[in-house]
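Student: Could you walk me through this one? I'd like to go question by question.

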Amino acid sequence: MSTVVLSIGSNLGDRLARLQSVLDRLGDAVQAVSPVYETAAWGGVEQGPFLNAVLIAEDPALDGQGWLHRAQEMEEAADRVRGQRWGPRTLDVDLVACYDDGTELFSRADGLTLPHPLAHLRAFVLVPWLAVDPGAELTVAGRRRPVAKLLDELDPADRAGVRMTTLALHPRDV
């Protein structure tokens, strides 16, 4: 069974609807959905705040490249324009980690880097991930690390900047 941890974010247009579109497109593959958080933009580009969430999905037919293709399709459907690095976007769908029958997949080829090389530095990824998987671990620099520990190592201001909202995403009813 192929399982993926996806970090989704939007800071343009109807941000919540853009995040919901990911769940709608993945349908029954969605296994867990975090609360929705609002965070300041990351990366030093002046822009509006993001709504962020993390979801866990499963699909036995997809490998890492398959998940990457699905993520890019969802971004394209949301009219994502790849312009300025870390700039504003209608939808960002990042593969944080991918597993095949519980074994973490690693990739450094064909436009796919797994696990995500910056996930351990991003409170807006770690906070929602812990909300859906408190025991989550991520390989960083060749070592499996608890996501809770990675979050503790971040600047307190970064952690405080990830604010839970009252907004919610809803998996499609089966």
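Student: Leaving out residues up to four places away in sequence, which residues does Arg-145 touch?
Tutor: Keep in mind that we're looking at a predicted model. Arg-145 is found in strand E10, residues 143-146. Not counting residues up to four places away in sequence, Arg-145 touches Ala-136, Glu-137, Leu-138, Val-140, Leu-150 and Glu-153.

Student: And is Arg-145 buried or exposed?
Tutor: The cut-off for buried is under 20% relative accessible area. Arg-145 has a relative accessible area of 12%, so Arg-145 is buried.

Student: What about Ala-141, buried or exposed?
Tutor: Ala-141 is found in the loop between strand E9 (137-140) and E10. Ala-141 isn't a glycine, yet has a positive phi of about 55 degrees. Its relative accessibility is 85%, and the exposed label needs over 50%. So Ala-141 counts as exposed.

Student: Which residue has a positive phi of about 50 degrees although it is not a glycine?
Tutor: Look in the loop between E5 and strand E6 (103-104). The residue there counts as exposed, at 59% relative accessibility. The one with that phi is Asp-101.

Student: How far apart in space are Tyr-99 and Asp-155, C-alpha to C-alpha?
Tutor: Tyr-99 lies in strand E5, residues 92-100, and is buried, with a relative accessible area of 12%. In sequence, Tyr-99 and Asp-155 are 56 residues apart. In space, C-alpha to C-alpha, the separation is 29 Å.

Student: Which residues is Thr-3 in contact with, leaving aside its neighbours within four places in sequence?
Tutor: Thr-3 has its place in strand E1. At 16% relative accessibility, Thr-3 counts as buried. With those neighbours set aside, its contacts are Ile-56, Ala-57, Glu-58, Ala-97, Cys-98 and Tyr-99.

Student: How many bridges pair E1 with E4, and in what sense?
Tutor: E1 covers residues 2-10, and E4 covers residues 50-58. One of the partnerships puts Val-5 opposite Ile-56 in E4. The two strands pair over eight bridges, and the sense is antiparallel.

Student: Which residue in E4 is the bridge partner of Glu-38?
Tutor: E4 also pairs with strand E3 (residues 37-39), in the antiparallel sense over three bridges. Strand E2 (residues 30-33) joins E4 by three bridges too, again antiparallel, with Val-30 partnered by Ala-57. For Glu-38, the partner in E4 is Leu-51.

Student: How many of the residues of E4 are buried?
Tutor: E4 has nine residues and is mostly covered. The buried count is eight.

Student: Are H1 and H2 parallel, antiparallel, perpendicular or oblique to each other?
Tutor: H1 (residues 15-26) and H2 (residues 64-77) pack with their axes 10 Å apart, at an angle of about 130 degrees. That value falls outside 65 to 115 and isn't over 145. The two helices are therefore oblique.

Student: Which residues in H2 do Val-22, Arg-25 and Leu-26 of H1 meet?
Tutor: The crossing of H1 and H2 is right-handed. The residues of this contact divide into five nonpolar, no polar and three charged. On the H2 side, the ones met are Trp-67, Arg-70, Glu-73, Met-74 and Ala-77.

Student: Which residue does a cis peptide bond join to Leu-114?
Tutor: Omega for that bond is about -10 degrees. The partner lies in the loop between strand E8 (112-114) and H3. The residue joined to Leu-114 is Pro-115.

Methods. Residues are numbered from 1 along each chain as its sequence is written. This is a predicted model: local features need pLDDT of at least 70, side-chain atom pairs count only at pLDDT 80 or more; totals for chains, interfaces and linings use all residues. Side-chain values use heavy atoms; hydrogens and water are left out. Axes are lines fitted to C-alpha atoms, for helices over the stretch in contact, and angles run from 0 to 180 degrees between N-to-C directions. Helices (H or I, at least four residues) and strands (E, at least two) are DSSP runs, numbered from the N terminus. Angles under 35 degrees count as roughly parallel, over 145 as roughly antiparallel, 65 to 115 as roughly perpendicular and the rest as oblique. A crossing is left-handed if the near helix is turned anticlockwise from the far one by less than a right angle, and right-handed if clockwise. Contact means heavy atoms within 4.5 Å. Ala, Val, Leu, Ile, Met, Phe, Trp, Tyr, Cys and Pro count as nonpolar, Asp, Glu, Lys and Arg as charged, and the others, Gly among them, as polar. Buried means under 20% relative accessible area, exposed over 50%, partly exposed in between (1.4 Å probe, protein chains only). Two strands pair if DSSP finds at least two bridges between them.
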